[in-house]
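Work through the exercises below with the sequence and the model side by side, trying each task before reading its solution.

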Amino acid sequence: MTVLFDLDNTLIDRNTAYEDWLTTVFKANGIMASSSEWDIIRVKDNWGYTSRQEFYDWLLSIYALPYTRPELIAKGANEIYTHIPSITSEIEALLKRLKSTCQIGIVSNGGIENQMNKLKGSRLLSFFEKKAVFISGAMSFSKPDQAYFEVVEERLQRAAHELVIVGDNPINDIQGGNQAGWKTVWISKGRNDKVPADYVVNELIDVIDVL
Ligand SMILES: [Mg+2]
């Protein structure tokens, strides 16, 4: 069996890191967003599920930031990972325990530089074999495109029924994984949506109960 983890909001707390980073960008430009403004920003950002193009176009239409959309995307890639803490000892123990019985990997959508920086900054990278790290920016496809899942199967030499995807995104991770015939584990983080995953757990640490 191979267990493939999504990165953002699965292995790492992307939402907190992203808000921390955006707060520093605002501060550097004299912007203090109120808590009701933050509520709107969070809805627009939607856990990062909104494309950065769309999100930054919206952000720049509201806030007078002295950057273009591509500049903000590049700035994010260079800076967000510094707001991601090292993984906790619980997550480290979870990965070590899984590694003793099965193969583990990463299946992440995003830019290669941004995602690799996050993997290094959080100390996650050392837990994974290079050939089991799949970042869409380095491939021609991204989740939930079925071609993405096929590339993973081919490179790992695994059949669909031997693969498990663990992720927070109902479309990219769960719908995509279901369609590919993989086992799916949805990290709900307290969300009550009806997501048709094989297993639903509240937090990453709970996956040990279902694997
Ligand atoms: Mg995610």
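## Exercise 1: a salt bridge between two helices

Glutamate 19 and arginine 42 are joined by a salt bridge whose closest N and O atoms are 2.7 Å apart. The model is a predicted one, in which local features need pLDDT of at least 70 and side-chain atom pairs count only at pLDDT 80 or more, while totals for chains, interfaces and linings use all residues. Residues are numbered from 1 along each chain as its sequence is written, and side-chain values use heavy atoms, with hydrogens and water left out.

Task: state where the two partners, glutamate 19 and arginine 42, lie in the chain, and whether glutamate 19 is buried, partly exposed or exposed.

Solution. Begin with the term itself: a salt bridge is a side-chain nitrogen of Lys or Arg within 4 Å of a carboxyl oxygen of Asp or Glu. Next, place the partners, using helices (H or I, at least four residues) and strands (E, at least two) that are DSSP runs numbered from the N terminus. Glutamate 19 belongs to helix H1 and arginine 42 to helix H2, so that the pair links distant parts of the chain, 23 residues apart. Finally, apply the accessibility classes, in which buried means under 20% relative accessible area, exposed over 50%, and partly exposed in between (1.4 Å probe, protein chains only). Glutamate 19, with a relative accessible area of 25%, is partly exposed, and arginine 42 also counts as partly exposed at 38% relative accessibility.

## Exercise 2: further salt bridges

Task: find how many salt bridges a search of the whole structure gives, and describe the one between glutamate 92 and lysine 96.

Solution. The search of the whole structure finds 13 salt bridges. In the one between glutamate 92 and lysine 96, the closest N and O atoms are 3.1 Å apart. Both residues lie in helix H5, four residues apart, which is about one turn of the helix. Lysine 96 is partly exposed, its relative accessible area being 48%. The side chains of glutamate 203 and lysine 189 also meet in a salt bridge, at 3.8 Å from N to O. Since glutamate 203 lies in the segment after strand E6 (199–201) and lysine 189 in the loop between E5 and E6, this pair ties together parts that are 14 residues apart in sequence.

## Exercise 3: the magnesium ion

Task: list the protein donors of the magnesium ion and give their spacing along the chain.

Solution. Donors are N, O and S atoms within 2.8 Å of the metal (3.2 Å for Na, K and Ca), and sites may look incomplete because water is not among the atoms. The protein donors here are Asp6 (OD), Asp8 (O) and Asp168 (OD), lying 2.1 Å from the magnesium ion. Along the chain these donors follow the spacing D-x1-D-x159-D. Aspartate 8 sits in the loop between strand E1 (2–5) and H1, and aspartate 168 in the loop between strand E4 (163–167) and helix H8 (170–180), 160 residues apart. Both aspartate 8 and aspartate 168 are buried. As a last step, note that Asp6 is also linked with Lys143 and Asp173 in a network of salt bridges.

## Exercise 4: the nonpolar cores

Task: name the residues with the most contacts inside the largest nonpolar core, and say which element supplies its largest share.

Solution. A nonpolar core is a set of buried Ala, Val, Leu, Ile, Met, Phe, Trp, Tyr and Cys residues joined through side-chain atoms within 4.5 Å. The largest has 28 residues, and those with the most contacts inside it are Phe5, Leu11, Leu95, Leu124 and Phe128. Its largest share, four residues, comes from H5. Leucine 124, not counting residues up to four places away in sequence, touches Leu7, Leu11, Ile12, Ile87, Leu95 and Leu119, where contact means heavy atoms within 4.5 Å. Apart from the largest core lies another, of 17 residues, including Val25, Trp38, Leu59 and Leu65.
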